[in-house]
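Student: Could you take me through some charged pairs and help me see how each label is earned?
Tutor: Gladly; let's have the structure in front of us.

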Amino acid sequence: MAVLSKIRQHSAIMIGVIALALFSFIIQDLFTKGNFGKSSKDVGSINGKDIAFEDFRLKVSNVEKSGQGISSTEASRRVWDQEVTIALLSAEFDKLGLRVGEKHIMDVLTADQNIGKNPMFLNAAGMFDIVKFKEYFKSNPEQAQYLKDREKDAELNAKFQIYNTLIKGGIYTTESEGKFNYELGANKVNFDYVAGLFSTIKDSEVKVTDADVLDYMKASPKKFKSDETRNVEYVLVEDKASPADINDVKSKLTSLLSGSVVYNQASGKNDTLAGFKNTKNVVEFVNSNSDVPYDSSYVAKKDLPAVDADKLYNLAPGEIYGPYVFGKYYCISKSLGKKAGVNAKASHILISYEGTQVPNKKEKRTKEEAKAKAEAILAQVTANPDSFMMLAFTASDDSSSQQGGDLGYFGQNQMVKPFNDFVFNNGIGKIGLVETPFGYHIIKITDKQDGVRLATVAQKIEASEATSDKVFEQATKFEMAVADKDFNKVAKDLALTVAPAVSVKAMDENFGPLGAQRTIVRWAFEKDTKEGSVKRFEVANLGHVIAKVKSIDNSGLVPVEQARPYVESILKNKKKAELLKAKMTGSSLEAIAKATGSTVQKAANVTLENPVLPGGVGQEAKVVGNAFALAANKVSAPIEGVTGIYVVKNTSTVKAPALKSYADNVAKLKTQSASEANRVLPALKEDADIQDNRKDFNY
């Protein structure tokens, strides 16, 4: 019955295209998208340095053939990102005059296990021998290009290592910065304040228009920078089975239960064929009549279709259940019996040691030390089984420690052999110790599941040819009707639903809820596609998509609707701030509190390192900073904070005593700034002139 968990869709039958239309499309495609119609042979440029299309295409092709199963669009994205990175960093290397010698290059090459540990290049002592390495490529000239390419990559990597070291060396922390960091946490301020919180004004009292959002984005264009986007709305006409198609599949399955009589042309007589109920060769019957081949696995009840699990699991041997629906299939199943303990559930505590392939070990230990610790834990959990979970959490080197060592259910041979044999050869509750290549495992068997073997005939529920023809007719009728009529009105008249518009960029692969539909995205950005353009697409396993370009945004900013969730609360608070400031008038805190119907509050011993105001207000660094800046008993102007408008009066400032050395603070800042080097590449990209023409080359 494992067949039920392996059922998958088969490719939809494609509707043929008329030869003349196909020929017209090819001719048009050749002149509008092919090299004849391109004004440039470059797929893009970085700071004026062109990237030739042919070189780019070859690299993309190599990535596609790498066996990673990625699409052409994803391959082009990876290659493009790599080209941008190499171009920007190489320019920096040239500016600095970085040079690397043979030793640098060989260090990078030998770091690759396929080279540094390759037996062909090792001497008698098992060490890498550069003479053997060079001799191999000298005697194998056909490999020369491979070595040349690897050396080129190694040279770039070696330069980057030097460059990265220089960047990190340029990031330093001064004694003054250490002192400032110390004072942030040690200087304290006491102050009184009146708060006019934004939450006291209802959101409904302030309105944020699209124009407000757009103005905010224009004020910070880099923050909201975006490539050109196109909003595409669409109608999906599904090519799916009709009620009649479903009934046909069900009837066909039902007819398989009993025998049938067919005419034998060779003998000239009628033959009686056995049905599913009384066939003597169940495997052959399933493979001859099912869209999914026979599977001999035993399946636990939890892995059966939820709705029918009880009935399927409790079938007597030889008994049949169905037809029933599972996913996109109609099925009939016959029980071939049950088997005990097909799945097991266990918990373990892994004690690894140096040399095992286990990441994130809790501590370093030898194999002997690991064995001694494992035996001690075994004795402890044998005496007190309830301690297993806590010991797994504190002592286990496996990631399952966070679940108290629980590994969940697993089948035969899913675990390494010693582990598997212990679990499946012992009963529930058994605790024991086994050794595997990962280390020592203290194992506790917590449950076992019986399974049932089912022979299942599964036939896919799919549209018949007649149904697909009707769907095609409906889709083309809609496509032609919207050429000069309102998209939404025509859809409504034909009882079709217009899906919400999807915002896409030129190099996007996914198209909203329809997933990877690169063809639709590419069409939306073609030169001849304008606002209002409509086109029908046949989408495998879905049907027909009739798409319309609703709008084109080439402002260079993200769409307003995309920015609104982030911007709206900021703008509302700004508008609330103006209303609150107008109320917060008076020469003293008491007068301001009276005018706003609030009270004067106190904040004691607040630091800039942790600028939290009492009463659950949260962090208000700007408010606390202003309090530090005030002289004693001075009242501030209204301060716009994170949660509201504040007026403060400094009551006292307590300066921290000076230290002889601020080394601890300097060290802390150095640790915090260690990752600053990673900001170099994003900064280079931000300032670079990058022209991306990939969309013009059908990527």
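**Charged pairs and their labels**

Tutor: In this predicted model, K668 forms a salt bridge with E609, with the closest N and O atoms 3.5 Å apart.

Student: Why is the contact of K668 with E609 called a salt bridge?
Tutor: The cut-off is 4 Å between a Lys or Arg side-chain nitrogen and an Asp or Glu carboxyl oxygen. The closest N and O atoms of K668 and E609 are 3.5 Å apart, so the pair qualifies.

Student: What makes this pair a link between distant parts of the chain?
Tutor: K668 sits in helix α23, while E609 is in the loop between β16 and β17, 59 residues apart.

Student: How do you know whether K668 is buried, partly exposed or exposed?
Tutor: Partly exposed covers the range between 20% and 50%. K668 has a relative accessible area of 34%, so K668 is partly exposed. E609, at 45%, is partly exposed too.

Student: And R365, which pairs with E363: what class does R365 fall into?
Tutor: The relative accessible area of R365 is 4%; buried means under 20%, so R365 is buried. E363 has 39% and is therefore partly exposed. Their closest N and O atoms are 3.7 Å apart, so this pair also meets the 4 Å limit.

Student: Where do E54 and R57 lie?
Tutor: Both are in helix α3, three residues apart, about one turn of the helix. They form a salt bridge, with the closest N and O atoms 3.0 Å apart.

Note on methods: Residues are numbered from 1 along each chain as its sequence is written. This is a predicted model: local features need pLDDT of at least 70, side-chain atom pairs count only at pLDDT 80 or more; totals for chains, interfaces and linings use all residues. Side-chain values use heavy atoms; hydrogens and water are left out. Helices (H or I, at least four residues) and strands (E, at least two) are DSSP runs, numbered from the N terminus. Buried means under 20% relative accessible area, exposed over 50%, partly exposed in between (1.4 Å probe, protein chains only).
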